[in-house]
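Here's a friendly walk through one protein model for somebody meeting it for the first time. Have a look at the structure, and then we'll go from one small contact out to the whole chain.

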Amino acid sequence: MVCRLLTMAEVDFAADLLQPAHSPVDRAYHYIASLIDLKRVPHGGLLPRAELLAREIGVSRPTVLTALGLLEEQGLVRVGVGRAGVRVAELVGASRDARIAWLFEHREVIGEMATLRVIVEPGVMRLVAERGLSPDLQTRARELDEEMGGPVDHQGYLAADTEFHRLLVSACGATSIERLSLLIRRWVAPALDLIVWPPNRRQLSNTEHEALLSAIEAKDADAAEHAIRDHIAASTHRIHQLL
């Protein structure tokens with residue numbers, strides 16, 4: 001199961017040691033992925049043309065097309081024929097019933113992704129805690145932590161939560177891990193969208209975020225691993241309740 005999912009994510013850990021951490025394709029890939037992850041372009045929405053993306057990112061058009069190809073292989077975008085453009089994949093139906101049906105149909109893969117997250121992310125957080133966060137990443141992580149603790153709406157909370165986790169994962173410095181994290185998020189995001197937070201759930205989630213971030217800032221690898229395991233267990237429990 002794990003090998004199959006790693007293949008889906010285009011994971012090649014050896015390549016992380018042989019290639020620059022921020023190649024032009026990596027920059028384009030993560031820029032476009034952020035448009036999707038943070039819902040700057042909604043599911044089913046049309047992405048900017050490759051020429052415009054290339055100018056915004058500062059890379060060539062072929063580089064953007066290569067990144068879009070990777071995203072298409074992972075099911076994140078649909079490349080149209082001719083002038084149809086590139087759209088963010090429709091992950092779920094419009095209605096709640098349709099979305100629940102989609103989740104039920106894909107429950108096996110979603111369950112596998114949750115398992116893969118348990119396998120991968122605790123070790124990643126240990127590594128991040130041992131290495132520490134750069135000042136810029138630490139400042140941004142704190143901003144997101146405070147944003148999630150404020151009066152943000154549900155969609156805004158999910159966007160901040162997504163950026164928070166991707167930021168911490170990116171600090172490990174492995175492109176393959178970032179791609180794997182994006183793939184996992186792609187499958188669990190519809191479930192997270194459907195969660196109706198009980199009165200204390202968001203507060204508990206924020207407490208879990210705070211524990212994780214504090215452990216990383218203190219470079220306490222054991223505490224960071226424990227914190228992410230607790231956080232994953234709580235969110236996975238809510239997802240399984242939906243399924």
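Let's begin with a pair of side chains: those of D26 and S23 make a polar contact at 3.1 Å. (A polar contact is a pair of N or O atoms within 3.5 Å; within protein, one must be able to donate a hydrogen and the other to accept it, and residues adjacent in sequence count only if both atoms are side-chain atoms.) D26 sits in helix α3, residues 24-37, and with 5% relative accessibility it counts as buried. Buried here means under 20% relative accessible area, exposed means over 50%, and partly exposed is in between, using a 1.4 Å probe and protein chains only.

A quick word on the ground rules. This is a predicted model, where local features need pLDDT of at least 70, side-chain atom pairs count only at pLDDT 80 or more, and totals for chains, interfaces and linings use all residues. Residues are numbered from 1 along each chain as its sequence is written, and side-chain values use heavy atoms, with hydrogens and water left out.

How confident is the predictor? pLDDT is its confidence in each residue, from 0 to 100. The chain averages 78, and 78% of the residues score at least 70. Residues 11-21 stay under 50, and the model gives that stretch 14 contacts beyond four places in sequence; a contact means heavy atoms within 4.5 Å.

Zooming out, the chain has 12 helices and two strands. These are DSSP runs numbered from the N terminus: helices are H or I with at least four residues, strands are E with at least two. Reading from the N terminus, the order is α-α-α-α-α-β-β-α-α-α-α-α-α-α. Of the 243 residues, 51% are buried. Among contacts between residues at least 6 apart in sequence, 77% join residues at least 24 apart.

Two helices show their buried sides nicely:

| Helix | Residues | Buried residues | Arc around the axis |
|---|---|---|---|
| α4 | 50-57 | A50, L53, A54, I57 | 100 degrees |
| α8 | 135-149 | A141, L144, D145, M148 | 105 degrees |

The arc is that of the directions from the helix axis to the C-beta atoms. In α4, the buried residues cover an arc of only 100 degrees, so they lie on the same side of the helix. Right after α4 comes G58, with a positive phi near 85 degrees.

For α8, the buried set covers only 105 degrees, which likewise puts those residues on the same side. The face turned away from that buried side carries exposed P135, D136 and E146. The length of α8 checks out too: at 1.5 Å a residue, its 15 residues should span 21 Å, and its end C-alpha atoms are 21 Å apart, which agrees. (The expected span is 1.5 Å times one less than the number of residues.)

Now for the inside. A nonpolar core is a set of buried Ala, Val, Leu, Ile, Met, Phe, Trp, Tyr and Cys residues joined through side-chain atoms within 4.5 Å. In the largest one, with 41 residues, M125, V128, F164, L168, L212 and I216 touch the most other members. Helix α7 gives the most to this core, with nine residues. A second, separate core of 23 residues includes A28, L47, I57 and L71.

One last stop: K219, in the loop between α11 (201-217) and α12 (221-242). K219 has a positive phi of about 55 degrees although it is not a glycine, and at 52% relative accessibility it counts as exposed.

Terms used. pLDDT is the predictor's confidence in each residue, from 0 to 100.
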